Every structure is written in C-alpha cells, then in structure tokens.
Amino acid sequence: VQLVESGGGLVQPGGSLRLSCAGSGFTFSRFDMSWYRQAPGKERELVAGIRRPGGSTNYLDSVKGRFTITRDNAKNTVYLQMNSLRPEDTAVYLCNARLVVTTTLYDYWGQGTQVTVSS
C-alpha cells in the first residue's frame, strides 16, 4: 500500500497550491480520503475529508471557503486545492485513506508534503 503526496512548496500569502495524493495497492474507490496537517509543535489536525459514497465533504472551519477537496477514483488520486493561503497554513500535509469493514480498520498514511506560506 502506498500513498504519495505531491504539490507542496513555498508560496506567498494569498497564493494557491494544489496538492495531489496518489494511492496504490488498495481499492481506492472504497476508502474515505482525507488531508491532515501538522505544524511544528502542534497536534495533527483534519483539514478536509471526502467520503467514498457520494463524495460528501467536510472541512476544518479555518479553511472553509479557501480549500477544496476532490477525488478522481479512475486515477486513484485525491486533491486539495488551496487558495488564499495564509502563514498559519504552513505545515506538513498528509494524505489518509480509511475504511472500516465490520470491526477491522484499514488506515493508511502518506509521508507528507511540506507547505510553507511566507513572504
């Protein structure tokens, strides 16, 4: 199983980035997909999630209206479009795939991609 994130980098405040997470080794379309982030000295937090059935989404309050999560099951990829970036968005962004089958949790993580928002 692999989750490989890409698209991070250095961007000025107000700028945009698009993160991608490509999954392999599991049935991507069956999994709920999420983006988390972790800044130095802070706990990991859920940024955005997109569910398997129907594609319903949820967002951290501070990113609502600025970030958009989407998925392409044909490409086994989930995206995070980030607009109007702020310095406080600086963090390592990690991709997560999760599925519960009866009592078994399948929970996979990527290595993360660094996003730095700074002038």
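Analyst: Contact here means heavy atoms within 4.5 Å. The model under discussion is a predicted one.

User: Which residues are in contact with threonine 77, leaving aside its neighbours within four places in sequence?

Analyst: Threonine 77 is in contact with Ser20, Cys21, Ala22, Phe28, Arg71 and Asp72, once neighbours within four places in sequence are left aside. Threonine 77 itself belongs to strand β8.

User: Why is threonine 77 called buried?

Analyst: The relative accessible area of threonine 77 is 8%. Buried means under 20%, so threonine 77 is called buried.

User: What does the side chain of threonine 77 reach?

Analyst: The side chain of threonine 77 reaches the backbone oxygen of lysine 75, at 2.8 Å. A polar contact requires N or O atoms within 3.5 Å, and 2.8 Å is within that limit.

User: What makes β7 and strand β8 a pair?

Analyst: Strands β7 and β8 (residues 77-82) share six bridges, in the antiparallel sense. Pairing asks for at least two bridges, so the six between β7 and β8 satisfy the criterion. Within this pair, threonine 77 of β8 is the bridge partner of aspartate 72.

User: Why are β1 and β7 called edge strands?

Analyst: The open sheet has four strands in the order β1-β3-β8-β7, with antiparallel pairing. Strands β1 (2-6) and β7 (67-72) each pair on one side only, and they are the edge strands. From one strand to the next, the twist averages 15°.

User: How do you know that arginine 71 has no salt bridge?

Analyst: Arginine 71, a residue of strand β7, is buried, and the nearest side chain of opposite charge, aspartate 32, is 5.3 Å away. A salt bridge needs a side-chain nitrogen within 4 Å of a carboxyl oxygen, so the separation of 5.3 Å does not qualify.

User: Which backbone oxygens does the side chain of arginine 71 reach?

Analyst: The side chain of arginine 71 reaches the backbone oxygen of phenylalanine 31 at 2.9 Å and that of isoleucine 50 at 3.5 Å. Neighbours within four places in sequence aside, arginine 71 is in contact with several residues, including Phe28, Asp32, Arg51 and Thr77.

User: What makes arginine 37 and glutamate 45 a salt bridge?

Analyst: Their side chains meet at 2.7 Å, N to O. The limit is 4 Å, so the pair counts as a salt bridge. The structure holds six salt bridges.

User: Why does arginine 37 count as buried, and why does glutamate 45 count as partly exposed?

Analyst: Arginine 37 has 5% relative accessibility, which is under 20%, so it counts as buried. Glutamate 45, at 29%, falls between the limits of 20% and 50%, and therefore counts as partly exposed.

User: How is aspartate 89 linked to arginine 37?

Analyst: Aspartate 89 forms a salt bridge with arginine 37, with the closest N and O atoms 3.0 Å apart. Aspartate 89 lies in the loop between β8 and β9 (91-101) and arginine 37 in strand β4 (residues 32-38), so the pair ties together parts 52 residues apart in sequence. Aspartate 89 has 0% relative accessibility and therefore counts as buried. Salt bridges that share partners join Arg37, Glu45, Arg66 and Asp89 into one network.

User: Why does aspartate 61 count as exposed?

Analyst: Aspartate 61 has 61% relative accessibility; exposed means over 50%, so the term applies. The side chain of aspartate 61 meets that of lysine 64 in a salt bridge (3.0 Å, N to O).

Terms used. Residues are numbered from 1 along each chain as its sequence is written. This is a predicted model: local features need pLDDT of at least 70, side-chain atom pairs count only at pLDDT 80 or more; totals for chains, interfaces and linings use all residues. Side-chain values use heavy atoms; hydrogens and water are left out. Axes are lines fitted to C-alpha atoms, for helices over the stretch in contact, and angles run from 0 to 180 degrees between N-to-C directions. Buried means under 20% relative accessible area, exposed over 50%, partly exposed in between (1.4 Å probe, protein chains only). Lys and Arg count as positive and Asp and Glu as negative; His and the chain ends are not counted. A polar contact is a pair of N or O atoms within 3.5 Å; within protein, one must be able to donate a hydrogen and the other to accept it, and residues adjacent in sequence count only if both atoms are side-chain atoms.
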